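Here is a short, friendly walk through one protein model, from its overall form down to a few side chains. Take a look at the chain first, and then read on.

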Amino acid sequence: ARALKLQQEAAAREEQRLYEEAIKAREQHIAASEAALQKREDGVGVLETELRQKFESLDAEVVLRARSGVAAAEAREAACQKLGAMREEAVMQRLASFADAGTALA
């Protein structure tokens with residue numbers, strides 16, 4: 001009976017030891033998972049910052065190009081107006097020369 005009791009106690013101690021080892025293994029697994037998750041979150045934070053900076057840079061470039069495009073359109077419009085004025089002046093000179101020629105012939 002004493003031997004049986006000793007065997008039961010030894011079996012209970014072994015069962016307790018295995019249970020504690022299983023708990024330690026789970027705790028280590030959870031700690032490793034938490035560390036991996038934190039590492040991923042840190043990586044996502046870095047990527048978010050880089051993406052935000054790229055978007056800000058693109059926004060600035062778009063604004064710059066838009067302003068450049070507006071300036072170019074204004075320059076084209078001014079050139080067209082100047083060219084139109086020059087053509088109008090040339091037509092007026094031709095008309096004046098025709099009028100002069102018409103008076104000279106008459």
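A handy cut-off to begin with: a residue counts as buried under 20% relative accessible area, as exposed over 50%, and as partly exposed in between. Valine 91 has a relative accessibility of 43%, so it falls in the partly exposed class. Please keep in mind that this is a predicted model.

**Overall form**

How many helices and strands does the protein chain have? The secondary structure amounts to one helix and zero strands. With a radius of gyration of 45 Å, well over the 13 Å that the globule rule gives for 106 residues, the protein chain is more spread out than a compact globule. The C-alpha trace tells its part of the story too, spanning about 155 × 15 × 5 Å along the principal axes.

What share of the 106 residues is buried? Buried residues make up 0% of them. The protein chain exposes about 9800 Å², and 60% of that area is supplied by carbon and sulfur atoms.

For a feel of distances along the chain, take alanine 90 and serine 68. They are 22 residues apart along the chain, and their C-alpha atoms are separated by 33 Å. Alanine 90 has its place in helix α1 and is partly exposed, with a relative accessible area of 33%.

**A nonpolar patch**

Back to valine 91, which sits in helix α1, a helix covering residues 2–105. Which residues join valine 91 in a nonpolar patch on the surface? The partners are Met92, Leu95 and Phe98, and the patch has about 430 Å² of accessible area together.

**Charges and salt bridges**

On the charged side of things, the protein chain carries 16 positive and 19 negative side chains. The centres of these two sets lie 6 Å apart.

A salt bridge here needs a side-chain nitrogen of Lys or Arg within 4 Å of a carboxyl oxygen of Asp or Glu. By this rule, the count comes to three. They are set out below.

| Acidic residue | Basic residue | Closest N to O |
|---|---|---|
| Glutamate 14 | Arginine 17 | 2.4 Å |
| Glutamate 21 | Arginine 17 | 2.4 Å |
| Glutamate 61 | Arginine 65 | 2.8 Å |

Arginine 17 appears in the salt bridge with glutamate 14 and again in the one with glutamate 21. Glu14, Arg17 and Glu21 are thus linked in a network of salt bridges.

Why are glutamate 14 and arginine 17 separated by about one helical turn? The reason is that they are three residues apart in helix α1. Glutamate 21 and arginine 17 are four residues apart in helix α1, about one turn of the helix. For glutamate 61 and arginine 65, both also in helix α1, the spacing is four residues, about one turn.

How open are these side chains to a probe? Glutamate 14 is partly exposed at 36% relative accessibility, and arginine 17 is partly exposed with a relative accessible area of 36%. Glutamate 21 is partly exposed, with a relative accessible area of 41%.

In the remaining pair, is arginine 65 exposed or buried? Its relative accessibility is 58%, so arginine 65 counts as exposed. Its partner glutamate 61 has a relative accessible area of 34%, so glutamate 61 is partly exposed.

Conventions. Residues numbered from 1 in each chain as written. Predicted model: local features only at pLDDT ≥ 70, side-chain atom pairs only at ≥ 80, totals over all residues. Heavy atoms only, no water. Helix = DSSP H or I, 4+ residues; strand = E, 2+ residues; numbered from the N terminus. Rg over C-alpha atoms; globule rule 2.2 N^0.38 Å. Buried < 20%, exposed > 50% of the residue type's maximum accessible area, 1.4 Å probe, protein only. Areas by Shrake-Rupley, 256 points an atom, 1.4 Å probe, with all protein chains shown as cover. Lys, Arg positive; Asp, Glu negative; His and termini not counted. Charge placed at Lys NZ, Arg CZ, Asp CG, Glu CD. Patch = residues over 30% accessible without salt bridge, like charges linked within 9 Å, V, L, I, M, F, W, Y side chains within 5 Å.
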